[in-house]
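Open the structure in your viewer and keep the selection tool at hand. We will start with the whole chain and then zoom in.

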Amino acid sequence: MKKTSPIIPLFKQFIRETETGKRLKKNGEKIKSSSIDNYKYVLQNLIQFSSDTKFELRICDASKLDKRELTSEKSYWKKFYQKFTDFLYKKGCHDNYVGANIKVIRVFFNYLKNDKDLNTGDFQRLFYVRKEEIEIFVLSPEQLKFLIHDKEFEQTLIPSYKRIKDIFVFGCTTGLRYSDIFLLTNKNFEKMEEDWYLKLKSKKTKTFSFIKLSAYAVTIFQRYATTNNKTPLFGTISLFNFNKSLKQIGELAGFTAPIEVSREKQGKTQSITKKTDLIKNRFCDKMSSHMMRRTAITTLLILGMPEHLVRKISGHSHASTSFNRYVHYAQAYMDKEIEKVHSKLESY
């Protein structure tokens with residue numbers, strides 16, 4: 001009879017060894033706290049799944065199984081994958097979230113094999129990691145110009161909103177991630193002759209950037225520059241409050257056009273926009289910190305900057321597949337604008 005071990009204690013040990021630094025990345029760096037948080041969410045899902053479905057979560061040493069037992073074990077893990085993903089879909093989850101859970105479970109299997117010398121049988125290869133392409137929402141060049149130049153609108157904003165608008169515009173111009181923007185100090189800005197440049201090393205990708213700043217970006221920098229070179233330029237604000245305020249600023253700016261939102265479940269696209277609930281699916285409701293970087297990249301592409309230069313500014317490698325999403329979006333935007341011109345020319 002094959003000997004089995006419960007998975008939940010092993011999964012908790014996997015998280016604990018990651019938190020303490022006993023388990024590291026392949027390059028020797030500590031694993032980010034955000035990744036550990038994801039591990040904990042997966043653990044919660046596994047516990048709830050096992051409890052709700054009465055599915056026993058266990059694992060055994062595959063090296064001690066005969067051919068019949070290996071076939072049985074393979075069948076067990078196929079059944080687990082089907083039942084666990086069905087459980088998540090019934091909770092209302094979409095492909096990206098379900099795929100992220102499965103990806104973590106595959107990492108856990110590799111941990112058991114490589115760190116704990118437990119022959120898992122590589123059954124994790126049976127687990128398909130689904131992904132979905134979520135539509136990119138970015139400011140149009142016209143919307144960005146409005147936020148940059150409309151002084152009358154700016155005067156209607158309370159001081160905290162003015163600050164967030166400035167940070168947002170700065171991000172939409174430089175393409176910086178939220179995490180990088182709030183680490184900026186005076187030291188990141190350098191004047192060469194008459195021009196100002198932003199220089200920094202990305203917290204996420206460790207890549208260096210040296211970006212020439214526009215006149216309005218320089219104005220924003222000078223507005224928040226401090227006498228202390230160690231003080232963060234834009235202070236601190238929680239991501240939740242930043243995004244909440246940004247949505248309200250978008251509403252005040254009139255960025256309220258209704259949008260249709262769709263997500264995928266098991267590879268099938270489903271619209272989640274309800275006609276009776278359009279107020280929750282306005283453009284302003286999709287405004288967030290992610291929009292800064294996306295807007296900067298697509299604006300540069302839309303306005304004609306060569307791809308290889310945009311990649312250099314954004315820190316995307318030549319092999320980056322995620323960058324192609326911005327290219328496709330920019331092309332779609334340009335196609336729509338060309339169609340408007342064609343329509344005007346044809347309506348004689």
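This tour moves from the overall fold to one arginine and its neighbours. Keep in mind that the model is predicted.

**Stop 1: the whole protein**

Show everything as a cartoon. The protein has 13 helices and seven strands. Turn the view around. The C-alpha trace spans about 75 × 60 × 40 Å along its principal axes.

Now think about contacts. Among those in the protein with a separation of 6 or more, 66% link residues 24 or more positions apart.

**Stop 2: the surface**

Switch on the surface. Its accessible area is about 20,600 Å². Carbon and sulfur atoms account for 52% of that. How many of the 348 residues, as a percentage, count as buried? The value is 42%.

Next, colour by charge. There are 63 positive and 38 negative charges. Their mean positions lie 6 Å apart.

**Stop 3: Arg 282**

Select Arg 282. You will find it in the loop between strand S7 (268-271) and helix H11 (290-302). Is Arg 282 buried or exposed? Its relative accessibility is 14%, so Arg 282 counts as buried, since the cut-off for buried is under 20%.

**Stop 4: its partners**

Show side chains. Select Glu 251: its side chain makes a polar contact of 3.0 Å with the side chain of Arg 282. Then select Asp 285. The side chains of Asp 285 and Arg 282 are also joined by a polar contact, at 3.0 Å.

Finally, add Thr 256, Ala 257, Pro 258 and Ile 259. Leaving out residues up to four places away in sequence, these are among the residues that Arg 282 touches, and Glu 251 is another.

Methods: Residues are numbered from 1 along each chain as its sequence is written. This is a predicted model: local features need pLDDT of at least 70, side-chain atom pairs count only at pLDDT 80 or more; totals for chains, interfaces and linings use all residues. Side-chain values use heavy atoms; hydrogens and water are left out. Helices (H or I, at least four residues) and strands (E, at least two) are DSSP runs, numbered from the N terminus. Buried means under 20% relative accessible area, exposed over 50%, partly exposed in between (1.4 Å probe, protein chains only). Contact means heavy atoms within 4.5 Å. Accessible areas come from the Shrake-Rupley method with a 1.4 Å probe; for residues, only the protein chains shown count as cover. Lys and Arg count as positive and Asp and Glu as negative; His and the chain ends are not counted. The place of a charge is taken as NZ of Lys, CZ of Arg, CG of Asp or CD of Glu. A polar contact is a pair of N or O atoms within 3.5 Å; within protein, one must be able to donate a hydrogen and the other to accept it, and residues adjacent in sequence count only if both atoms are side-chain atoms.
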